[in-house]
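Q: I have a model open on my screen and would like to learn how to read it. Could you take me through some of its features, one at a time?

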Amino acid sequence: MHKLYRHYKNKLYRVKGFTKHSETLEGMVHYEALYENPTARFWSRPKKMFFGTVKMEDGREVPRFAPVEADVRTVTSPTENDLKICEDLMASFFGFVDAQDFRETLKLKTKVCLLIASFEGKPVGFKLGYAQDAGEFYSWLGGTHPDYQRLGIAGRLMKTQYDWCKAQGFKKIRTKTENRHRAMLRLNLRQGFQIIGTQQSSEHLKVILEKAVI
Ligand SMILES: CC(C)(COP(=O)(O)OP(=O)(O)OC[C@H]1O[C@@H](n2cnc3c(N)ncnc32)[C@H](O)[C@@H]1OP(=O)(O)O)[C@@H](O)C(=O)NCCC(=O)NCCS
């Protein structure tokens, strides 16, 4: 199900799901305004109308709601601006960022692949990894800005990373997720990663996952 739509009056909405009108059984779309709407945050509209068209003053027929796709940019040599984007996003979804550690760790890595997802030029998510050895790619860090979660962005970045790894000849993708990061764990499992082990750090249990690139 596509989730992000732009209304013809230019506002963004997230489709939450489809429902039935309790009296008429008409198919409805349940959706959420992704901006401050003083009237209501959640809306319902008949499916037929949601996916229909609107006649503009100049006579043109346009979709009432048009699907919006994130742009994904692939970066193999991150610039200062790219690193800043990652740091700002980490601050948004982790609530903190250790920029010095992030930069020092990244400097030591080879075959870096940074994927940045944006909506109309605004970075909303990233996924970053590097070569672990000749055949194995390590998917290190990533996330989506809280305002743009549950729109399929992390899933899209994961698929793009997989395609990039395949094109580069990697045979496996490995990742680690703390047990408490349930959303990430669930996403990895749904994208075909297998749990191959665990690792206990002083604070958290990490789950080690792997996916074959075929
Ligand atoms: C985990 C995370 C990256 C998911 O990003 P996202 O762009 O919202 O993910 P998607 O919209 O592509 O979600 C794909 C699937 O992942 C799972 N998922 C995502 N968020 C979830 C949540 N909050 N709870 C449960 N499952 C979730 C669902 O299966 C979802 O599919 P669905 O929406 O059809 O049910 C995001 O929640 C995040 O940035 N979290 C904080 C950072 C983090 O934990 N990073 C991992 C450590 S490096």
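Q: Are α2 and α3 oblique to each other or roughly parallel?

A: Keep in mind that this is a predicted model. The general idea is to take the angle between the two helix axes: under 35 degrees counts as roughly parallel, over 145 as roughly antiparallel, 65 to 115 as roughly perpendicular, and the rest as oblique. Here helix α2 (residues 80-94) and helix α3 (residues 99-107) pack at about 135°, and their axes are 11 Å apart. α2 and α3 are therefore oblique to each other.

Q: Which residues of α2 and α3 make the contact?

A: On the α2 side, look for Glu 80, Leu 83, Lys 84, Cys 86, Glu 87 and Met 90. Their partners on α3 are Ala 99, Phe 102, Arg 103 and Leu 106. Sorted by character, the residues of this contact between α2 and α3 comprise 6 nonpolar and 4 charged, with no polar ones.

Q: Is the crossing of α2 and α3 left-handed or right-handed?

A: α2 passes α3 in a right-handed crossing.

Q: At what angle do the axes of α4 and α5 cross?

A: The angle is roughly 45°, and the two axes come within 11 Å. An angle between 35 and 65 degrees falls in the oblique class, so α4 is oblique to α5. The crossing of α4 and α5 is right-handed.

Q: Which residues of α4 and α5 meet?

A: Ala 154, Gly 155 and Met 158 come from α4, while Met 184, Leu 187 and Asn 188 come from α5. In this contact of α4 with α5 there are 4 nonpolar residues, 2 polar ones and no charged ones.

Q: Asn 188 caught my eye there. Is Asn 188 buried or exposed?

A: The general idea is to read the relative accessible area: under 20% counts as buried and over 50% as exposed. Asn 188 has a value of 2%, so it is buried. You will find Asn 188 in helix α5 (residues 182-190). Setting aside neighbours within four places in sequence, Asn 188 is in contact with Met 158, Thr 175, Thr 177, Phe 193 and Leu 209.

Q: Where does Tyr 148 lie?

A: Tyr 148 sits in the loop between β11 (136-144) and α4 (153-167). Even in that loop, Tyr 148 is buried, with a relative accessible area of 13%. Residues up to four places away in sequence aside, Tyr 148 touches Phe 119, Lys 122, Val 124 and Ile 153. For a view across the sequence, try Arg 14: it is 134 residues from Tyr 148 along the chain, yet their C-alpha atoms are separated by 9.2 Å.

Q: Which residues is His 7 in contact with?

A: Beyond its neighbours within four places in sequence, His 7 is in contact with Tyr 13, Arg 45, Arg 64 and Phe 65. His 7 is found in strand β1 (residues 4-7). Its relative accessibility is 10%, so His 7 counts as buried. Now compare a pair of positions: His 7 and Thr 39 are 32 residues apart in sequence, and their C-alpha atoms are 16 Å apart in space.

Q: What is the phi of Asn 10?

A: First, the general idea: most residues other than glycine have a negative phi. Asn 10 has a positive phi of about 85°, although it is not a glycine. Asn 10 is in the loop between β1 and β2 (12-20). At 52% relative accessibility, Asn 10 counts as exposed.

Q: And what is the phi of Lys 111?

A: Lys 111 also has a positive phi, about 50°, and is not a glycine. Look for Lys 111 in the loop between α3 and β9 (113-119). Its relative accessible area is 41%, so Lys 111 is partly exposed.

Q: Stepping back, how many helices and strands does the chain have?

A: There are 5 helices and 14 strands. The C-alpha atoms fill a box of roughly 60 × 35 × 35 Å along the principal axes. Of the 214 residues in the chain, 40% are buried. The chain exposes about 12700 Å², and carbon and sulfur atoms supply 50% of that area.

Q: What share of the contacts joins residues at least 24 apart?

A: Among contacts between residues at least 6 apart in sequence, 50% join residues at least 24 apart.

Methods
Residues numbered from 1 in each chain as written. Predicted model: local features only at pLDDT ≥ 70, side-chain atom pairs only at ≥ 80, totals over all residues. Heavy atoms only, no water. Axes fitted to C-alpha atoms, helices over the stretch in contact; angles between N-to-C directions. Helix = DSSP H or I, 4+ residues; strand = E, 2+ residues; numbered from the N terminus. Left-handed = near helix turned anticlockwise from the far one by under 90°. Contact = heavy atoms within 4.5 Å. Nonpolar A, V, L, I, M, F, W, Y, C, P; charged D, E, K, R; others polar. Buried < 20%, exposed > 50% of the residue type's maximum accessible area, 1.4 Å probe, protein only. Areas by Shrake-Rupley, 256 points an atom, 1.4 Å probe, with all protein chains shown as cover.
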